[in-house]
Amino acid sequence: MVDGLDNVVFVTEDRPADGSLDLFGLYEGVALTERDRYGFGELPDRIVLYREPLLAACEDLDELRDEIHITLVHEIAHYYGIDDEQLHELGWG
């Protein structure tokens, strides 16, 4: 569990909508830094892991675990308002 995550669901899907194999995950929602208010009635933000791209990129279970970890850190960072440029600078790009 990650402190501060609120109203976020984690799901897996086979592939992104475009069918590509080069996207491992996606954050769908409004980052905490962009929210004006957040309260009753909003649908939860979503963090999606794409199963087929992850499996295609990894040669064994250890590599898959590592890539899932990296992808989750990356997408959770988007929830907190950290963009791709900052993630690359931090080594999580």
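**View 1. A salt bridge within helix 2 joins Asp62 and Arg65.** In this predicted model, the closest N and O atoms of Asp62 and Arg65 lie 3.1 Å apart. A salt bridge is defined here as a side-chain nitrogen of Lys or Arg within 4 Å of a carboxyl oxygen of Asp or Glu. Both residues belong to helix 2 and stand three residues apart, about one turn of the helix. Helices (H or I, at least four residues) and strands (E, at least two) are DSSP runs, numbered from the N terminus. Side chains of opposite charge can pair when their charged atoms come close.

**View 2. A salt bridge connects Glu52 with Arg15.** The distance between the side chains, taken from N to O, is 2.4 Å. Glu52 lies in helix 1 (residues 51-57), while Arg15 lies in the loop between strand 1 (8-13) and strand 2 (25-28); the pair thus links distant parts of the chain, 37 residues apart. Glu52 is partly exposed because its relative accessibility is 25%, where buried means under 20% relative accessible area, exposed over 50%, and partly exposed in between (1.4 Å probe, protein chains only). Arg15, with a relative accessible area of 35%, is also partly exposed.

**View 3. Glu28 and Arg46 form a salt bridge between two strands.** Their closest N and O atoms are 2.6 Å apart. Glu28 is in strand 2 and Arg46 is in strand 3 (residues 45-50), so the salt bridge ties together parts that are 18 residues apart in sequence. Glu28 is partly exposed at a relative accessible area of 34%, and Arg46 is partly exposed at 26% relative accessibility.

**View 4. Salt bridges that share partners form a network.** Asp14, Arg15, Arg51 and Glu52 are joined into one network. The whole structure holds six salt bridges.

**View 5. The largest pocket has a volume of about 150 Å³.** Among its twelve lining residues, Phe24, Gly25, Thr71, His74 and Glu75 are the closest to the centre. A pocket is an open set of points on a 1 Å grid over the protein atoms alone, where a 1.4 Å probe fits, with protein on both sides within 12 Å along at least five of seven lines; lining residues have an atom within 4 Å of a point. Helix 2 (residues 61-79) gives the most to this lining, with six residues.

**Notes.** Residues are numbered from 1 along each chain as its sequence is written, and side-chain values use heavy atoms, without hydrogens and water. Because the model is predicted, local features need pLDDT of at least 70 and side-chain atom pairs count only at pLDDT 80 or more, whereas totals for chains, interfaces and linings use all residues.

Conventions:
Grid points are joined across faces, edges and corners, and a volume is the space filled by probe spheres set on the points.
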